[in-house]
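Q: I have a structure to look at and I don't know where to begin. Can you go through it with me?

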Amino acid sequence: MSYQSPPLALLVLNHFLRKHDSRHSSMAEPPRVVSLNVGGHVYTTTLYTVTQYSDSKLAKLFSGEKQVPRDPKGNYFIDRDGALFKHVLNFLRTRKLTVPEDFQDFEQLEIEATFYGIKPLEEAVQKAKETRESTSSGPEILRLFYSSKTRLVLAGGLAMLQQLVPNARELGGSITSGSAYNFTASDGVVEGGQAKIPIKLEQLDAFLQHVVDEGFEVKMSNFFLDGNASQVWVFVRK
């Protein structure tokens, strides 16, 4: 009895099915789980989480270029501050820095972020530190005035204005400061300023949401029927 090779169409179909099964199998694989012992604190996460900033020192530890030491239980060992690493890990998971209201270790957390080479975390820590320092002496008050004639005008502490609209010049606006804008607070004289931003009425809601996202609450608002759609708000950030 002579052997007959399978039809060409059947061979092609079998090849396609094997290729499809291979792709499906690789896609169905769960992310690789890794355990880290950081200064005696053990964390469990995924390889994707710790390597998503590919240029960071933390990601390079798992690139295969260097051998990472392990503890007696097989966890990867990193000789750094274990308690603060939870903030590093949470930032990698959410892309957002979240710390308790009574958190004080900003200096050390920034050092840890620098060690791991995670630049976005460094910037987030610096911003959080500046915000905490600016609010430690009492609530911040921001006054906003908008009209179709003058556009948007903000008044308050100079540091606060620079934080809210760091790109004022790029928007075609300006921030003015000087002794005439300074005011007295509970802990002394605060350097004040005034910002003018030429935004349009349809952009106003987005800017007000930006103010709220920065931690401010509206305490007063008013609307004037003067033909210029004039509106006034007073925001407070504690």
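A: Here are a sheet, the cores and one helix, taken in turn.

A: Keep in mind that this is a predicted model.

Q: OK, the open sheet. What order do the strands come in?

A: The order is S2-S1-S3, three strands in an open sheet with mixed pairing. S2 (41–46) and S3 are the edge strands, and each of them pairs on one side only.

Q: How much are neighbouring strands turned against each other?

A: By 30° on average, with direction ignored.

Q: And S1 with S2, parallel or antiparallel?

A: Antiparallel, with six bridges joining S1 to S2. As one example, Asn37 has Val42 in S2 as its bridge partner.

Q: Which strands does H4 touch when it packs on the sheet?

A: H4 touches S1 and S2, and its direction makes about 10° with that of S2.

Q: Now the inside. How many residues are in the largest nonpolar core?

A: It has 28 residues. Leu58, Phe85, Val88, Tyr116, Ile118 and Leu121 are those with the most contacts inside it.

Q: Which elements give two or more residues to this core?

A: Two strands and four helices: S1 (33–38), S3 (76–78), H3 (57–61), H4 (85–94), H5 (106–116) and H6 (119–135). H4 supplies the largest share, five residues.

Q: Why would such residues sit together?

A: In soluble globular proteins, nonpolar side chains tend to be buried together.

Q: Back to Tyr116. What does it touch?

A: Leaving out residues up to four places away in sequence, Tyr116 touches Val38, Ser56, Lys57, Leu58, Ile78, Arg80, Phe85 and Val88.

A: Apart from the largest core lies another, of 20 residues, including Tyr146, Leu152, Leu204 and Trp233.

Q: Let's switch to H8. Which residues there are buried?

A: H8 covers residues 204–213, and Leu204, Phe207, Leu208 and Val211 are buried. Seen down the helix axis, the buried residues of H8 fall within an arc of 100°, so they line one face of the helix.

Q: And on the other side of H8, which residues are exposed?

A: Asp205, Ala206 and Asp213 are exposed there.

Q: What covers the buried residues of H8?

A: The cover includes three strands, S4 (140–147), S5 (151–157) and S11 (230–237), along with helix H7 (158–164).

Q: Last one: what follows H8?

A: Gly215 follows H8, and its phi is positive, near 100°.

How values were computed:
Residues numbered from 1 in each chain as written. Predicted model: local features only at pLDDT ≥ 70, side-chain atom pairs only at ≥ 80, totals over all residues. Heavy atoms only, no water. Buried < 20%, exposed > 50% of the residue type's maximum accessible area, 1.4 Å probe, protein only. Arc of directions from axis to C-beta. Contact = heavy atoms within 4.5 Å. Core = buried A, V, L, I, M, F, W, Y, C linked by side-chain atoms within 4.5 Å. Pairing = 2+ DSSP bridges. Axes fitted to C-alpha atoms, helices over the stretch in contact; angles between N-to-C directions.
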